Amino acid sequence: MEFQDVVRRRRMVRKFTDEPVAEASLQRVLRNALKGPSAGFSQGQGFLVLTGEELAKFWEFGASWAPESVTTAPVAIVPLSVKNAYLDRYAKPDKGFAEGDDSWWRVPYWDVDTGMATMLILQTAVDEGLGAVFFGLAPESVERLHGEFGVPEDHDPIGVVALGHGAESGPSPGSSPTTIARRDFDDVIRFGHW
């Protein structure tokens, strides 16, 4: 698929068929996530992939901020941000920042980079002919995620990607794109000065 087609076709899919995701497609989605940019090549991301019984256990609590229909997805990927990887990397001699000091980070690049890796997941899903949706994880679900799935405490979930074969041909009924127009290019983009 041409890249512009991937960008144009990418949307949040909220309902899935029961068709499984091919292992080769899942592996490509995950390998592409590893190609995202990473400040200082810190590589402070982790991804918890859930299928089968583990996914069923996750759906018991993990989709409270999403439409119930997302639980029809056969795969959930939880992107995890690892702040300590960035602090450790930037304490190395070639970077020279104080060990463990995050005060100079105006923007938390551990979350930014994990978000970019997540976008690669969403785009690769389109290229593989799959559907995906990113949604937030409720604060009370984070502790349970750590406990039930052995996620290290310093791995912070930024959300969840539900992945599968889309069961809808267009935007989900009632979704924001069906009620709100996309902002015009000239309303968002400025050249040289705002």
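**Exercise 1. State what share of the chain is buried, and describe its overall build.**

Of the 194 residues in the chain, 38% count as buried, a term that stands for under 20% relative accessible area, with exposed meaning over 50% and partly exposed in between (1.4 Å probe, protein chains only). The model is predicted, so local features need pLDDT of at least 70 and side-chain atom pairs count only at pLDDT 80 or more, while totals for chains, interfaces and linings use all residues. Residues are numbered from 1 along each chain as its sequence is written, and side-chain values use heavy atoms, with hydrogens and water left out.

Next, consider the elements: the chain has eight helices and five strands, where helices (H or I, at least four residues) and strands (E, at least two) are DSSP runs numbered from the N terminus. The radius of gyration, taken over C-alpha atoms, is 18 Å, close to the 16 Å from the globule rule (2.2 Å times the number of residues to the power 0.38), so the chain is as compact as a globular protein of 194 residues. Along its principal axes, the C-alpha trace spans about 50 × 50 × 30 Å.

**Exercise 2. Find the residues with the most contacts inside the largest nonpolar core, and the elements that supply this core.**

Begin with the term: a nonpolar core is a set of buried Ala, Val, Leu, Ile, Met, Phe, Trp, Tyr and Cys residues joined through side-chain atoms within 4.5 Å. The largest one has 24 residues, and Phe-58, Trp-59, Phe-135 and Leu-145 have the most contacts inside it. At least two residues of this core come from each of β1 (45-50), α3 (52-59), β2 (75-81), β3 (131-135), α6 (139-149) and β5 (160-164).

Then follow one residue: leaving aside residues up to four places away in sequence, Phe-58 touches Leu-50, Ala-76, Val-78, Leu-137, Leu-145, Phe-149 and Val-160, contact meaning heavy atoms within 4.5 Å. A second, separate core has 14 residues, including Leu-26, Ile-121, Leu-130 and Leu-163.

**Exercise 3. Decide for Val-112 and for Thr-124 whether each is buried, partly exposed or exposed.**

Val-112 is found in helix α5, which covers residues 109-127, and Thr-124 lies in helix α5 as well. Val-112 has 31% relative accessibility and therefore counts as partly exposed, whereas Thr-124, with a relative accessible area of 5%, is buried.

To place both residues further, note that Thr-124 touches Arg-28, Val-29 and Asn-32, not counting residues up to four places away in sequence. The C-alpha atom of Val-112 is separated by 30 Å from that of Glu-168, which is 56 residues apart from Val-112 along the chain.
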